[in-house]
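Welcome, and make yourself comfortable at the viewer. Load the model, switch on the cartoon, and follow along one selection at a time.

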Amino acid sequence: MKCTFCGDEVKIHKAIIYYQSNGKSYVFCSSKCRRSMLILNRDPKKVKWVNKNG
Ligand SMILES: [Zn+2]
């Protein structure tokens with residue numbers, strides 16, 4: 001599965017899965033990604049640590 005925020009491949013046992021009340025779910029590789037998307041509402045395209053390694 002892939003991180004919703006940065007797009008990195010993330011193993012199921014390491015993934016942070018967040019379920020919204022509307023039934024939508026997000027997968028995150030780290031709490032950093034989870035915070036960036038859900039709390040800080042950042043745009044992945046504008047975050048410099050995203051997709052640094054291709
Ligand atoms: Zn991520």
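**Start in the hairpin**

Select Tyr18 first, then look across to β2, where Tyr26 is its bridge partner. Keep in mind as you go that this is a predicted model. Move on to the neighbouring pair: Tyr19 has Ser25 of β2 as its bridge partner.

Now show both strands in full. How do β1 and β2 pair, and over how many bridges? The sense is antiparallel, with four bridges joining β1 to β2 (residues 25-28). Follow the backbone around the turn, where five residues sit between the strands of this hairpin. Stop at Gly23 and check its backbone torsions: phi is positive there, near 95°.

**On to the zinc ion**

Next, select the zinc ion and display the side chains around it. Which protein atoms are its donors? You should find four SG atoms, those of Cys3, Cys6, Cys29 and Cys33, lying 2.3 Å from the zinc ion. If you step through the angles among the four donor atoms, they run from 106 to 115°. The site is tetrahedral: that label calls for all angles to lie between 85 and 135 degrees, and the angles here fit it.

Turn on the sequence panel and highlight the four cysteines. Their spacing along the chain reads C-x2-C-x22-C-x3-C. Cys3 belongs to the segment before β1 (16-19), while Cys33 is in helix α1 (residues 31-39), so this pair ties together parts that are 30 residues apart in sequence. Switch to a surface view and look for those two: are Cys3 and Cys33 buried or exposed? Both are buried.

**Zoom out**

Colour the cartoon by secondary structure. You will count one helix and two strands, and from the N terminus on they come in the order β-β-α.

Now take in the whole chain. Along the principal axes, its C-alpha atoms fill a box of roughly 30 × 25 × 15 Å. The radius of gyration is 11 Å, which agrees with the value near 10 Å that a compact globule of 54 residues would have.

Finish with the surface and the contacts. About 4,300 Å² of the chain is exposed, and carbon and sulfur atoms supply 48% of that area. Of the 54 residues, 22% count as buried. Among contacts with a separation of 6 or more, 31% come from residues 24 or more positions apart.

Methods
Residues numbered from 1 in each chain as written. Predicted model: local features only at pLDDT ≥ 70, side-chain atom pairs only at ≥ 80, totals over all residues. Heavy atoms only, no water. Donors = N, O, S within 2.8 Å, 3.2 Å for Na, K, Ca; no water. Tetrahedral: all angles 85-135°; square planar, octahedral: opposite > 155°, others 65-115°. Buried < 20%, exposed > 50% of the residue type's maximum accessible area, 1.4 Å probe, protein only. Pairing = 2+ DSSP bridges. Rg over C-alpha atoms; globule rule 2.2 N^0.38 Å. Contact = heavy atoms within 4.5 Å. Areas by Shrake-Rupley, 256 points an atom, 1.4 Å probe, with all protein chains shown as cover.
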